[in-house]
Amino acid sequence: MPTASDYDARRASDAGTADGSVLRELTPALPKLSTAIVDDDPNEAAFFELPGADLSGEELSVTVIPQRADEFTCSRCFLVQHRSRLRSSGGELPVCADCV
Ligand SMILES: [Zn+2]
């Protein structure tokens with residue numbers, strides 16, 4: 001594929017020339033960016049703390065049990081139920097007795 005090799009060669013040369021110019025343009029702007037960031041008031045961080053209890057120490061009290069071989073997941077209510085409650089509506093998707 002000669003087109004692909006030509007395209008790659010042109011890209012490599014373009015990147016080589018572009019890198020130098022981009023670096024020269026960005027370098028003078030760096031001090032301006034750092035001074036703009038200093039404008040942030042450190043006290044503003046308090047606004048991002050949510051009021052209320054700190055739940056980071058809480059543990060999940062619900063035991064997660066994986067789906068068993070005799071269970072299925074309803075395609076409409078997405079509840080895992082026993083196979084005895086399976087009511088297929090003719091399609092291949094399982095539907096429980098409540099959703100038929
Ligand atoms: Zn269901």
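A strand, in this tour, is a DSSP run of E at least two residues long, and strands are numbered from the N terminus. With that in hand, welcome to this predicted model.

**Stop 1: the whole chain**

Start with the protein in cartoon view. Two helices and two strands are there to find, and along the sequence they come in the order α-α-β-β. Now colour by burial: of the 100 residues, 7% count as buried. Contacts between residues 24 or more positions apart make up 4% of those with a separation of 6 or more.

**Stop 2: the zinc ion**

Select the zinc ion next. Which residues are its protein donors? They are Cys74, Cys77, Cys96 and Cys99, each offering its SG atom, 2.3 Å from the ion. Along the chain these donors are spaced as C-x2-C-x18-C-x2-C. Try the angle tool here: the four donor atoms subtend angles of 102 to 116° around the zinc ion, so the arrangement is tetrahedral. Two of the donors, Cys96 and Cys99, are buried.

**Stop 3: the nonpolar core**

Keep Cys74, Cys96 and Cys99 selected and add Phe72 and Val95. Together these five residues form the largest nonpolar core. In soluble globular proteins, nonpolar side chains tend to be buried together.

Centre the view on Phe72 and show what surrounds it. Setting aside neighbours within four places in sequence, Phe72 is in contact with residues including Leu79, Val80, Gln81, His82, Pro94, Val95 and Cys96.

**Stop 4: Gln81 in strand E2**

From Phe72, move to Gln81, which belongs to strand E2. Is Gln81 buried or exposed? Its relative accessible area is 9%, below the 20% cut-off, so Gln81 is buried. Beyond its neighbours within four places in sequence, Gln81 is in contact with Asp70, Glu71, Phe72, Cys96 and Asp98. Show the side chains as sticks and you can also pick out a polar contact between Gln81 and Arg85, at 2.4 Å.

**Stop 5: the salt bridge**

Stay with Arg85 and add Asp98. The structure holds one salt bridge, and here it is: the side chains of Asp98 and Arg85 meet with an N to O distance of 2.7 Å. Both residues lie in the segment after strand E2 (80–82), so the pair ties together parts 13 residues apart in sequence. Switch on a surface to compare the partners: Asp98 is exposed, with a relative accessible area of 58%, while Arg85 is partly exposed at 30%.

**Last look**

Finish by displaying Gln81, Arg85 and Asp98 together. Arg85 has a polar contact with Gln81 and a salt bridge with Asp98, while Gln81 is in contact with Asp98.

Notes:
Residues are numbered from 1 along each chain as its sequence is written. This is a predicted model: local features need pLDDT of at least 70, side-chain atom pairs count only at pLDDT 80 or more; totals for chains, interfaces and linings use all residues. Side-chain values use heavy atoms; hydrogens and water are left out. Donors are N, O and S atoms within 2.8 Å of the metal (3.2 Å for Na, K and Ca); water is not among the atoms, so sites may look incomplete. Four donors count as tetrahedral if all angles lie between 85 and 135 degrees; four count as square planar and six as octahedral if opposite donors are over 155 degrees apart and all others between 65 and 115; anything else is irregular. Buried means under 20% relative accessible area, exposed over 50%, partly exposed in between (1.4 Å probe, protein chains only). A nonpolar core is a set of buried Ala, Val, Leu, Ile, Met, Phe, Trp, Tyr and Cys residues joined through side-chain atoms within 4.5 Å. Contact means heavy atoms within 4.5 Å. A salt bridge is a side-chain nitrogen of Lys or Arg within 4 Å of a carboxyl oxygen of Asp or Glu. Helices (H or I, at least four residues) and strands (E, at least two) are DSSP runs, numbered from the N terminus. A polar contact is a pair of N or O atoms within 3.5 Å; within protein, one must be able to donate a hydrogen and the other to accept it, and residues adjacent in sequence count only if both atoms are side-chain atoms.
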